[in-house]
Structures are given as structure tokens and as C-alpha cells.
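This report describes how the strands and helices of one protein chain are arranged. Look at the sequence and the structure first, then read on.

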Amino acid sequence: MIENYQSQSSKICNLLVKSLEKYNKKCLFKEYNPKIIKSGIYMFDNSKEYIDTSSIEGINDFQNGEIITYTKRPSRANMQPLDNSVWFAKMKGSYKIILVNNDLEIINKMILSTGFMGIIANEELPLSLLFAIVISNEFVIQRDMHSVGTTMAGVNNETFINIEVPFLSNEERTSFEYVNRPLINKLSRLRIQIKKIKEIKDLLLKKFF
């Protein structure tokens with residue numbers, strides 16, 4: 001079942017990327033007026049799970065994070081996951097992406113690393129379009145080309161907005177979101193289902209082996 005759900009997720013991502021291919025015109029990301037999420041988190045009681053870039057593999061594949069409190073946490077544990085957003089690892093050569101779409105576990109129980117850049121979707125940049133762009137191979141290539149630094153090269157806010165991406169008119173963006181939003185919603189549900197099944201699997205393994 002896990003493999004089946006993972007296969008469905010992969011197919012959805014492929015469909016989203018392919019849906020961009022017909023748009024040949026390009027623009028710089030800044031033409032979409034992307035809303036980059038600033039560092040800083042809300043105060044919280046008890047504990048949360050800190051997700052750094054090593055805790056993510058590929059798209060929405062969470063590994064075990066570190067349990068933290070507000071007062072005892074790494075300095076990089078300072079990004080607040082917000083609904084209707086997409087996050088990607090800024091570091092050159094990485095492919096680690098998080099979709100936050102009405103996912104209360106991520107929103108309420110996790111804190112992300114400053115190694116991620118988060119973008120909030122809006123009318124100018126619908127969630128399905130934003131996600132399709134970020135998971136595409138072309139975006140990864142452009143991100144690496146615009147990375148700065150030496151030992152830990154990566155994009156920053158200024159270089160990010162100058163990444164070249166497909167251009168869609170207002171009408172095309174609306175149509176893209178209408179057609180592809182159900183796929184985004186399905187992808188979020190699959191993440192939750194995969195996590196639940198993995199937890200059941202772990203419990204059974206501990207019980208019988």
C-alpha cells in the first residue's frame with residue numbers, strides 16, 4: 001500500500017510538471033510577485049518537531065526530525081510553516097520540497113530550518129502553479145545556476161526572484177489552478193496516508209520482531 005501511494009504521488013508530480021511544458025514563454029520569478037516567508041516563528045508550548053533539510057527526501061517525504069521546545073532549539077529552527085505554501089531547500093544540488101496545503105500536522109506540529117525557502121501562494125501565483133514550477137527539473141537547474149557562496153552555495157531572496165520560469169497570463173493561471181488544484185489536494189492527502197501506514201508498519205515490526 002505504501003508503494004502504491006508513493007507511485008500515485010510520483011504520477012501526480014509528473015502530471016503537474018508536464019502541464020507546464022506547453023507554456024513556452026518565460027519570465028523572471030519576480031514578475032509573479034512571490035511572497036517569500038520571512039524567518040521567525042510563533043511562540044509555542046510543549047514541544048514540536050524540527051525539520052531540517054536532512055529530514056526531507058524528495059517531495060514531501062519526511063524522515064524523523066528533532067524534538068525541540070521554543071526555548072531549546074537550534075538557531076536554524078526558525079521558519080514557521082504556513083498554510084498554502086511551498087518550501088524548497090536553498091542549497092545547490094539538493095532536491096527537498098515540502099507542500100503545505102491544509103496539512104495541520106505540518107502547520108501545528110513542525111518547525112522548519114532556515115535552510116528552506118518558503119513561498120506563500122496567492123492569486124497571482126496559485127498553489128498548483130507554484131508547486132509545479134518548484135518541483136520541475138528546470139527550476140532546480142535555474143536555482144543551482146543562481147546559487148551564491150562557496151562551501152554551502154545556495155539561493156538567497158535576491159537571486160531567487162531572478163530565476164527564469166514559465167510565464168502564464170492571468171487567464172492561464174486561473175485555468176491552471178482550476179484543472180490542477182484537485183491533484184494538489186490529492187497529493188496532500190497521500191502524504192498523510194503514507195505517514196499513517198508507515199507508523200502502523202513500525203508498530204507491527206516492533207511487536208512481532
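The model shown here is predicted. In it, 6 strands build an open sheet with mixed pairing, in the order β2-β11-β8-β9-β4-β5. The edges are taken by β2 (35–36) and β5 (61–62); each has a single partner strand, so one side of each has no neighbour in the sheet.

**Strand pairs in the six-stranded sheet**

The table lists pairs of strands from this sheet, with the direction of each pair and its number of bridges.

| Strands | Direction | Bridges |
|---|---|---|
| β4 and β5 | antiparallel | 2 bridges |
| β4 and β9 | parallel | 2 bridges |
| β8 and β9 | antiparallel | 4 bridges |
| β8 and β11 | antiparallel | 5 bridges |

Single residues show how these strands line up. Strand β4 covers residues 56–59. On β4, Glu 57 stands opposite Asp 61 in β5, while Gly 58 stands opposite Lys 96 in β9. On β8, Trp 87 faces two partners: Ile 98 in β9 stands opposite Trp 87, and so does Gly 118 in β11. Phe 88 is placed opposite Ile 97 in β9.

β8 and β9 form a hairpin with 6 residues between the strands. In this hairpin, Gly 93 has a positive phi near 85°.

**Two covered strands**

In a regular strand, side chains alternate between the two faces of the sheet. How many residues of β8 are buried? The count is 5 of 5, and β8 is mostly covered. Ser 85, Trp 87 and Ala 89 point one way from the strand, Val 86 and Phe 88 point the other way, and all are buried.

β9 is mostly covered as well, with 5 of its 5 residues buried. On one side of β9 are Lys 96, Ile 98 and Val 100, on the other are Ile 97 and Leu 99, and all of them are buried. Both faces of β9 are therefore covered, where buried means under 20% relative accessible area.

**Helix α3 and its neighbours**

Helix α3 consists of residues 127–135 and lies across β4, β8 (85–89), β9 (96–100) and β11 (116–120). The helix runs at about 10° to β8.

α3 also meets helix α6, which spans residues 170–208. The axes of α3 and α6 come within 7 Å and cross at roughly 75°. The two helices are therefore roughly perpendicular to each other. On the α3 side, the contact is made by Leu 127, Ser 128, Leu 129, Phe 131 and Ala 132. On the α6 side, it is made by Arg 173, Phe 176, Glu 177, Asn 180, Arg 181, Ile 184 and Leu 187. Sorted by class, the contact of α3 with α6 has 7 nonpolar, 2 polar and 3 charged residues.

One residue of this contact can be followed in detail. Ser 128 sits in helix α3. Is Ser 128 buried or exposed? Its relative accessibility is 0%, so Ser 128 counts as buried. Apart from neighbours within four places in sequence, Ser 128 is in contact with Phe 176, Glu 177, Asn 180, Arg 181 and Ile 184. With one of these, Glu 177, there is a polar contact between side chains, at 2.5 Å.

Helix α1 (residues 2–18) also comes up to α3: their axes come within 9 Å and cross at roughly 95°. That angle makes α1 roughly perpendicular to α3. Cys 13, Leu 16 and Val 17 of α1 make the contact with Phe 131, Ala 132 and Ile 135 of α3. By class, the residues of the contact of α1 with α3 are 6 nonpolar, no polar and no charged. Phe 131 and Ala 132 of α3 thus appear in the contact with α6 and in the contact with α1.

**A four-stranded sheet**

There is also an open sheet of 4 strands, in the order β6-β3-β10-β7 and with mixed pairing. Which strands stand at the edges? They are β6 (66–68) and β7 (77–79), each with a single partner strand, so one side of each is left without a neighbour in the sheet. From one strand to the next, the twist averages 50°. Within this sheet, β3 (residues 48–51) and β10 (residues 110–113) run parallel and are joined by 3 bridges. Tyr 50 stands opposite Ile 111 in β10.

Note on methods. Residues are numbered from 1 along each chain as its sequence is written. This is a predicted model: local features need pLDDT of at least 70, side-chain atom pairs count only at pLDDT 80 or more; totals for chains, interfaces and linings use all residues. Side-chain values use heavy atoms; hydrogens and water are left out. Two strands pair if DSSP finds at least two bridges between them. Contact means heavy atoms within 4.5 Å. Axes are lines fitted to C-alpha atoms, for helices over the stretch in contact, and angles run from 0 to 180 degrees between N-to-C directions. Angles under 35 degrees count as roughly parallel, over 145 as roughly antiparallel, 65 to 115 as roughly perpendicular and the rest as oblique. Ala, Val, Leu, Ile, Met, Phe, Trp, Tyr, Cys and Pro count as nonpolar, Asp, Glu, Lys and Arg as charged, and the others, Gly among them, as polar. Buried means under 20% relative accessible area, exposed over 50%, partly exposed in between (1.4 Å probe, protein chains only). A polar contact is a pair of N or O atoms within 3.5 Å; within protein, one must be able to donate a hydrogen and the other to accept it, and residues adjacent in sequence count only if both atoms are side-chain atoms.
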